[in-house]
Amino acid sequence: MIEEFIYTWGCCRVEHIRELVHPMPLAKIKRLIKGLLIEEQGGVLKPIFSQLSYLETQRTLKFLDFFVKHLQDKVTDYRPAQYPYVAIVRTIKGKNAFVCYVLAGEETIIRDIINTAPPENIIFILEKPETKEILQSVNCKLKTFLNAQSGEKV
């Protein structure tokens, strides 16, 4: 399960494995990882053949951090998605939604890319809550804006 999680997401931290995969002691997780084709760089675990860019890695790690702190009890299923989204989730209410982690300075680019796609339910996680106005014009069925620091609705 650990191997599948790391390969599926492309990167993660040991804390993500403890919270989302299996609540094992840190030493046991590190021992299990030693036998896998995984490299560790600055606390980030990646498959040796990982082709994630620096920004994709940062976006994924920030999403997983946010997920562990704020979304874990509100979601029943989650899996990675392609840019500009980070994940596709199924909420406890049974609705599917794309999750978009918006790094500072990316809001205009992301708005333009999303507007070219068919409308979907989207959860925006904003590093800067004031960027909500830029993303308001996104063409989608349902928009939810969350503060990246607190997990609160913006």
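## A helix across the sheet

Helix α1, which covers residues 2-9, lies across strands β3 and β4, and its direction runs at about 60° to that of β3. A second helix, α5, also packs on the sheet, where α5 touches β5 and β6 (121-126) and its direction makes about 150° with that of β5. These descriptions, like those that follow, refer to a predicted model.

## The sheet and its strands

The sheet on which these helices lie is an open one of five strands, arranged in the order β3-β4-β5-β6-β7, and the pairing within it is mixed. At its edges stand β3 (75-80) and β7 (142-147), each of which pairs on one side only. From one strand to the next, the twist averages 25°.

The mixed pairing can be followed by looking at β5 and its two partners. Strand β4, made of residues 87-91, pairs with strand β5, made of residues 96-102, in the antiparallel sense over four bridges, and here valine 89 stands opposite alanine 97 of β5. The pairing of β5 with β6, in contrast, is in the parallel sense and runs over five bridges, with valine 102 standing opposite leucine 126 of β6.

Strand β6 is largely enclosed by the rest of the structure, because six of its six residues are buried. Both of its faces are covered: on one side Asn121, Ile123 and Ile125 are buried, and on the other side Ile122, Phe124 and Leu126 are buried as well.

## Around strand β4

Isoleucine 88 is a residue of strand β4, and its C-alpha atom is separated by 4.5 Å from that of phenylalanine 98, although the two residues are 10 residues apart along the chain. When its neighbours within four places in sequence are left aside, isoleucine 88 is in contact with Asp77, Tyr78, Arg79, Ala81, Ala97 and Phe98.

The loop between β3 and β4 contains proline 84. This proline is joined to tyrosine 83 by a cis peptide bond, for which omega is about 10°.

## Salt bridges that link distant parts of the chain

Side chains of opposite charge can pair when their charged atoms come close. The structure holds five salt bridges, and three of them are described here, each with one partner in helix α4.

In one of these bridges, the side chains of arginine 13 and aspartate 65 meet at 2.9 Å, from N to O. Arginine 13 lies in the loop between α1 and α2 (14-20), whereas aspartate 65 lies in helix α4 (residues 54-71), so this pair ties together parts that are 52 residues apart in sequence. Arginine 13 counts as partly exposed because its relative accessibility is 22%, and aspartate 65, at 26%, counts as partly exposed too.

Another bridge brings together the side chains of arginine 59 and glutamate 106, with 2.3 Å from N to O. Since arginine 59 lies in helix α4 and glutamate 106 in the loop between β5 and α5, the pair ties together parts that are 47 residues apart in sequence. Both arginine 59 and glutamate 106 are buried. In a further bridge, glutamate 127 pairs with lysine 62, and their closest N and O atoms are 2.6 Å apart. Glutamate 127 lies in the loop between β6 and α6 (132-135) and lysine 62 in helix α4, so parts that are 65 residues apart in sequence are tied together by this pair. With a relative accessibility of 18%, glutamate 127 counts as buried, while lysine 62, at 29%, counts as partly exposed.

Helix α4 also holds threonine 57, which counts as buried because its relative accessibility is 5%. Beyond residues up to four places away in sequence, threonine 57 touches Cys11, Lys46 and Leu52.

## A buried charge without a salt bridge

Glutamate 107 belongs to helix α5, which consists of residues 107-114. Glutamate 107 is buried and yet has no salt bridge, since the nearest side chain of opposite charge, that of lysine 128, is 6.6 Å away, whereas a salt bridge requires the nitrogen and the oxygen to be within 4 Å.

A polar atom of the side chain of glutamate 107 does, however, lie 3.3 Å from the backbone nitrogen of glycine 105. Apart from residues up to four places away in sequence, glutamate 107 touches Val102, Thr131, Ile134 and Leu135.

Key:
Residues numbered from 1 in each chain as written. Predicted model: local features only at pLDDT ≥ 70, side-chain atom pairs only at ≥ 80, totals over all residues. Heavy atoms only, no water. Helix = DSSP H or I, 4+ residues; strand = E, 2+ residues; numbered from the N terminus. Buried < 20%, exposed > 50% of the residue type's maximum accessible area, 1.4 Å probe, protein only. Lys, Arg positive; Asp, Glu negative; His and termini not counted. Polar contact = N/O pair within 3.5 Å; in protein donor to acceptor, adjacent residues only side chain to side chain. Contact = heavy atoms within 4.5 Å. Pairing = 2+ DSSP bridges. Axes fitted to C-alpha atoms, helices over the stretch in contact; angles between N-to-C directions.
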